[in-house]
Amino acid sequence: MADLVFPAPQPVVVPVHGGSFFPVRRIYCVGRNYAEHIKEMGNDVRDPPFFFAKPADAILIDGEDMPYPQQTADLHFEIELVVAIGKDGRDIAEAYALEHVFGYAAGIDMTRRDLQAVAKKAGRPWEMAKAFDHSAPMGTIQPAGAIGHPAKGAITLSVNGTERQRGDLSDQIWTVPEAIAYLSGFVALRAGDLIMTGTPAGVGAVVKGDVIEGMIEGVGTVRTVIA
């Protein structure tokens with residue numbers, strides 16, 4: 001056992017339907033994967049996929065309150081299908097990509113939109129706009145062995161009971177197998193990685209006291225209150 005200078009952090013885990021837990025290694029996020037959201041953000045639909053990351057400890061377990069983050073006055077929600085990787089792989093062929101998927105969950109990519117806008121304008125990384133504390137509320141993971149591999153179905157988000165986002169998984173520009181294959185050409189994917197696969201149109205701001213509820217048909221729900 002290594003002689004640690006202080007106790008190692010507890011591993012980050014996400015509940016799995018049935019009572020077990022999924023240990024999280026990394027969180028990758030697909031940028032701009034629904035055409036209508038790309039248009040609302042003023043970007044080009046024809047761009048190839050790109051990725052950014054959140055730390056594992058950005059995860060907020062379903063139902064926990066999310067503290068309103070520092071250094072922003074424009075906190076946005078983005079409902080997303082989350083892919084949980086259960087098998088290592090590098091340069092994964094699209095035809096075999098789903099063999100690497102353990103399961104799926106509903107998640108929310110919370111974004112400090114004002115910081116992101118400043119970073120974009122300056123040509124700087126989005127890190128502080130995306131990878132902050134509690135920025136990844138996450139629902140329970142449903143094993144693919146139980147629900148299959150959802151390629152279509154409603155994906156929605158409401159704030160205080162009013163629907164704000166609605167799309168369909170079939171609207172994704174880059175499918176889950178395509179995203180896995182493409183990403184694995186840049187990094188080796190490992191069991192424990194999560195991939196957040198992009199959001200449909202309708203993103204917007206929330207304030208303290210707002211109740212955010214997301215739903216993905218056939219996958220599950222995610223909920224948090226901005227505290």
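Before we start, a strand here is a DSSP run of E with at least two residues, a helix is a run of H or I with at least four, and both are numbered from the N terminus. With that in hand, hello everyone, and please keep in mind that this is a predicted model.

Let's begin with glutamine 172, which sits in the loop between strand S13, residues 162-168, and helix H5. Is its side chain buried or exposed? With a relative accessible area of 10%, glutamine 172 counts as buried, because the cut-off for buried is under 20%. Leaving aside residues up to four places away in sequence, glutamine 172 touches Asn33, Tyr34, Leu81 and Thr197. With one of these, threonine 197, it also shares a side-chain to side-chain polar contact of 3.0 Å.

Follow the chain onward and you come to H5 itself, residues 176-183. How many of its eight residues are buried? Six of them are, so this helix is mostly covered. The buried ones are Val176, Pro177, Ala179, Ile180, Ala181 and Leu183. And what covers them? The cover includes strands S3 (27-31), S4 (50-54), S7 (79-85), S8 (101-108) and S14 (194-196).

Now back to S13, on the other side of that loop. S13 belongs to an open sheet of four strands, in the order S13-S12-S16-S17, with antiparallel pairing. Which strands stand at the edges? They are S13 and S17, the latter being residues 220-225; each has a single partner strand, so one side of each has no neighbour in the sheet. On average, neighbouring strands here are turned by 10° against each other, ignoring direction. If you look at the S16 and S17 end, S16 covers residues 211-216 and is joined to S17 by six bridges, with the two running antiparallel. One pair to pick out on your screens is valine 211 with its bridge partner in S17, valine 225.

Last, a little backbone geometry. Most residues other than glycine have a negative phi. Two residues to look at here are aspartate 91 and histidine 134: aspartate 91 has a positive phi of about 50°, and histidine 134 one of about 65°. Where are they? Aspartate 91 is in the loop between S7 and S8, while histidine 134 is in the loop between helix H3 (127-130) and strand S10 (136-138). Aspartate 91 is exposed, with a relative accessible area of 55%, whereas histidine 134 is partly exposed, at 30%.

That's my tour, and thanks for listening!

Key. Residues numbered from 1 in each chain as written. Predicted model: local features only at pLDDT ≥ 70, side-chain atom pairs only at ≥ 80, totals over all residues. Heavy atoms only, no water. Buried < 20%, exposed > 50% of the residue type's maximum accessible area, 1.4 Å probe, protein only. Contact = heavy atoms within 4.5 Å. Polar contact = N/O pair within 3.5 Å; in protein donor to acceptor, adjacent residues only side chain to side chain. Pairing = 2+ DSSP bridges. Axes fitted to C-alpha atoms, helices over the stretch in contact; angles between N-to-C directions.
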